[in-house]
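Here are some short exercises to work through with the viewer open. Try each task yourself before reading its solution.

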Amino acid sequence: MVIAIGFEGSANKLGVGIVKDGVVLSNPRHTYITPPGQGFLPKDTAKHHRDHALDVLQAALEEAKIKPDEIDVICYTKGPGMGAPLVSTALVARTVAQLWKKPIIAVNHCIGHIEMGRLITGAVNPTVLYVSGGNTQVIAYSEKRYRIFGETIDIAVGNCLDRFARVLKLSNDPSPGYNIEQLAKKGKRFLEMPYVVKGMDVSFSGLLSYIEEKAPLLLETNEYTPEDLCFSLQETVFAMLIEITERAMAHCGSQEVLIVGGVGCNKRLQDMMDIMVKERGATLYATDERFCIDNGAMIAQAGWEMFKTGLVTPLQETTCTQRYRTDEVEVTWRD
């Protein structure tokens with residue numbers, strides 16, 4: 001029996017989760033929300049994490065009904081992510097590990113998402129579409145690594161959606177992407193946009209520049225509504241993602257697709273993916289906002305898997321890195 005606690009703070013969500021042998025005991029989080037039309041800056045986000053770290057930790061312990069001496073291992077997000085928030089969260093994890101005299105494990109954020117998705121959905125060996133504010137990758141497991149088959153060559157899909165939400169001055173509560181999704185449901189007119197798939201990779205920056213430039217005039221002349229533009233943007237970027245996911249499935253001979261990451265909560269993305277997957281006689285696995293949005297339990301779950309195979313991070317190596325590739329990690333816990 002192993003109990004792991006995970007600290008996640010790579011972007012604007014601070015989460016602390018506790019996992020006991022594949023069972024999530026608690027998973028509270030606190031989100032830093034900025035005014036409409038604004039993004040979140042690293043230093044302000046780091047301050048938010050410092051301000052709320054102890055409250056979220058306390059909530060996790062109380063909800064799980066666990067005392068510090070019952071915990072076997074402390075896990076934290078090493079990267080990828082925003083530098084200042086990562087460091088402030090790692091500092092808390094390191095302090096806790098030393099105060100409680102527990103081993104510590106540095107976890108790759110992307111692998112946290114994958115292992116959480118596998119745990120919650122029961123997917124065995126899926127082709128993974130990982131979509132969030134900072135990452136867009138198509139991943140499959142092979143020979144002790146999560147291999148990246150395709151990815152964005154510029155900005156992440158979540159970043160593209162978030163930045164268009166700023167153009168429309170949409171609220172950041174609960175998230176800009178969620179508010180785009182709600183507007184898109186009412187969209188009727190489709191605006192054709194640049195569709196950029198290059199082999200197994202996608203590009204969103206040109207598409208974003210195009211719609212940022214066009215939107216003010218289209219809205220001013222009432223040619224298109226905000227709902228139409230959100231609908232058009234979603235349909236285009238999601239179609240690009242499904243194309244590269246299908247190509248990876250064909251390459252791997254895969255019969256499972258798992259969607260993870262914050263954008264993975266989007267119902268339209270899940271529905272579009274489901275159509276493609278069913279046409280191939282395969283199965284789609286997806287989770288809701290409790291587990292696809294950044295959370296502490298996913299870091300605890302990945303750390304739990306690592307710890308069970310004997311992995312521990314020496315204290316002097318408990319650093320952070322903003323660029324930490326999914327395929328850099330040796331996956332010791334899978335056959």
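Contact here means heavy atoms within 4.5 Å. Keep in mind that this is a predicted model.

**Exercise 1.** Find the residues that UniProt lists under "binding site" and work out why they gather at one spot.

*Solution.* Start with the record: the unreviewed UniProt entry gives His109, His113, Tyr130 and Asp294. These residues span 186 residues in sequence, yet no two of their C-alpha atoms are more than 12.0 Å apart, so they gather at one spot.

**Exercise 2.** Describe the surroundings of His109.

*Solution.* First, place His109 in helix H3, residues 109-121. Next, check its exposure: the relative accessible area is 3%, under the 20% cut-off, so His109 is buried. Then list its contacts, leaving out residues up to four places away in sequence; among them are Thr77, Pro80, Met298, and the listed Tyr130 and Asp294. Finally, look for polar partners: the side chains of His109 and Glu8 are joined by a polar contact of 3.1 Å.

**Exercise 3.** Do the same for Tyr130.

*Solution.* Tyr130 sits in strand E7, residues 127-131. With a relative accessible area of 0%, Tyr130 is buried. Its contacts beyond four places in sequence include His109, His113, Gln137 and Val260. A 3.1 Å polar contact links the side chains of Tyr130 and Asn135.

**Exercise 4.** Characterise the second largest pocket.

*Solution.* Its volume is about 280 Å³. Of its 14 lining residues, Ala106, Met306, Leu311, Thr313 and Tyr324 are the closest to the centre. Sorting the lining by type gives eight nonpolar, two polar and four charged residues.

Notes: Residues numbered from 1 in each chain as written. Predicted model: local features only at pLDDT ≥ 70, side-chain atom pairs only at ≥ 80, totals over all residues. Heavy atoms only, no water. 1 Å grid on protein atoms, 1.4 Å probe; cavity = no way out; pocket = protein on both sides within 12 Å on 5 of 7 lines; lining within 4 Å. Points joined across faces, edges and corners; volume = space filled by probe spheres on them. Nonpolar A, V, L, I, M, F, W, Y, C, P; charged D, E, K, R; others polar. UniProt positions renumbered as here; feature names shortened; annotations may be inferred. Helix = DSSP H or I, 4+ residues; strand = E, 2+ residues; numbered from the N terminus. Buried < 20%, exposed > 50% of the residue type's maximum accessible area, 1.4 Å probe, protein only. Polar contact = N/O pair within 3.5 Å; in protein donor to acceptor, adjacent residues only side chain to side chain.
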